[in-house]
Amino acid sequence: MPPRPRPRPKILIVLHQETSSPGRVGHMLLEEGFDLDIRRPPLGEELPSTLDGHAGAVIFGGPMSANDQDEFVRRETDWLEIPLKENRPFLGICLGAQMLARHLGGKVEGHGEGLVEIGWYPLKATEAGKKLLHWPEMVYQFHREGFSLPKDATLLATSETYPNQAFRYGDNAWGIQFHGELTRVMMQRWVVRGAHRFELPGAQPGRDHLGGRLIWDMHLKRWLGEFLQLIFGKPAVG
């Protein structure tokens, strides 16, 4: 009898709305040979007490703030002790990065002049970031708050309005403020449902979100694939 195929390793995916999707991050992880274990804490779903059964975890964004006192926000932020203690690969995107920064003692707050980043904005890699991989020059943003750089974390990328855009803590914990996971359908949905936020200071009109995608998304997509491999590697084939 031929040997039974080894089960595909799982990545824990944490989402914050019933209709949320891991988007391109999910697609790329599946293509690399991982399975997705999707949990939605705001809907009452539990997070695992250990990541022994997972190859890593990703916490995505959401309309809530990492400063909110909702039970699930506090529970997720406290839960980050598990990947950190077990030294498992972890990626926080937008809200997930802000939760990680807060867990590590950083602050999450809005811009001093009330500016937001909603649309496409320039990104600049630090020297530490350049040593890891090539970063895109423009990235897609959708946030009203940013985070301070936690103590002992390494800044990987910066921007003018919110200077802390990507960081690494220890060997395996990563946080990014911007969004590389959006498919075209997801971006169209965000532009429709988030249109009321385009009036905020610093935000770009909806047409620029979709127009910018035609120019810059291919570079963001290429970077995302390399970044996910850097964090999670490739599962063993067997």
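Which residues are linked with Arg24 in a network of salt bridges? Select Arg24, Arg213 and Asp217: these residues form the network. The model on screen is predicted.

**Stop 1: the annotated span**

Select residues 28-183. The UniProt record, an unreviewed entry, annotates these residues as "domain: Glutamine amidotransferase". In the model the span is 22% helix and 29% strand, and its end C-alpha atoms lie 12 Å apart.

**Stop 2: strands β3, β4, β12 and β11**

Start with β3, residues 56-59, which runs parallel to β4 and is joined to β4 by three bridges. Pick Ala57 to see one of the pairings: its bridge partner in β4 is Phe90.

Move to β4, residues 90-93. Phe90 and Gly92 point one way from the strand, while Leu91 and Ile93 point the other way. These four residues are all buried. Strand β4 also pairs with β12, again in parallel, through four bridges. Ile93 is the residue to pick here, as it stands opposite Ile176 in β12.

In β12 itself, Ala173 and Gly175 point one way and Trp174 and Ile176 the other, and all are buried. Four bridges join β12 to β11 (residues 166-169), and these two strands run antiparallel. Phe167 is found opposite Gly175 of β12. Now select Gly170, in the hairpin of β11 and β12: three residues lie between the strands, and Gly170 has a positive phi near 65°.

**Stop 3: His179**

Continue along the chain from β12 into the loop that leads to α6 (184-193), where His179 is found. Is His179 buried or exposed? His179 is buried, because its relative accessibility is 4%, below the 20% cut-off. Its side chain makes a polar contact of 2.8 Å with the side chain of Glu181. Beyond its neighbours within four places in sequence, His179 is in contact with Ile93, Cys94, Tyr140, Gln141, Phe142, Trp190 and Leu220.

**Stop 4: aromatic rings**

Tyr140, Phe142 and Trp190 are worth keeping selected, since they belong to one aromatic cluster; add Trp120, Phe198 and Trp216 to complete it.

The count of aromatic pairs comes to eleven. For one of them, select Trp135 and Trp223: the ring centres are 5.2 Å apart and the planes stand at 40°, so the pair is tilted. Trp135 lies in the loop between α5 (127-132) and β8 (138-143), and Trp223 in helix α7 (residues 206-232); the pair links distant parts of the chain, 88 residues apart. Both Trp135 and Trp223 are buried.

**Stop 5: salt bridges**

The whole structure holds nine salt bridges. Begin with Arg8 and Asp35, whose side chains meet at 2.8 Å, N to O. Arg8 lies in the segment before β1 (10-14) and Asp35 in strand β2 (residues 35-39), so this bridge ties together parts 27 residues apart in sequence. Arg8 is partly exposed at 37% relative accessible area, and Asp35 is partly exposed at 30%.

Next select Glu71 and Arg75, which form a salt bridge at 2.7 Å, N to O. Both lie in helix α2 (residues 71-79), four residues apart, or about one turn of the helix. Glu71 is partly exposed, with a relative accessible area of 45%.

Finish with Lys130 and Glu127, a salt bridge at 3.4 Å, N to O. These residues are about one helical turn apart because they are three residues apart in helix α5. Lys130 is partly exposed at 47%, whereas Glu127 counts as exposed at 54%.

Conventions
Residues numbered from 1 in each chain as written. Predicted model: local features only at pLDDT ≥ 70, side-chain atom pairs only at ≥ 80, totals over all residues. Heavy atoms only, no water. Buried < 20%, exposed > 50% of the residue type's maximum accessible area, 1.4 Å probe, protein only. Polar contact = N/O pair within 3.5 Å; in protein donor to acceptor, adjacent residues only side chain to side chain. Contact = heavy atoms within 4.5 Å. Pairing = 2+ DSSP bridges. UniProt positions renumbered as here; feature names shortened; annotations may be inferred. Phe/Tyr/Trp six-rings, centres within 6.5 Å; stacked < 30°, edge-to-face > 60°. Salt bridge = Lys/Arg side-chain N within 4 Å of Asp/Glu carboxyl O.
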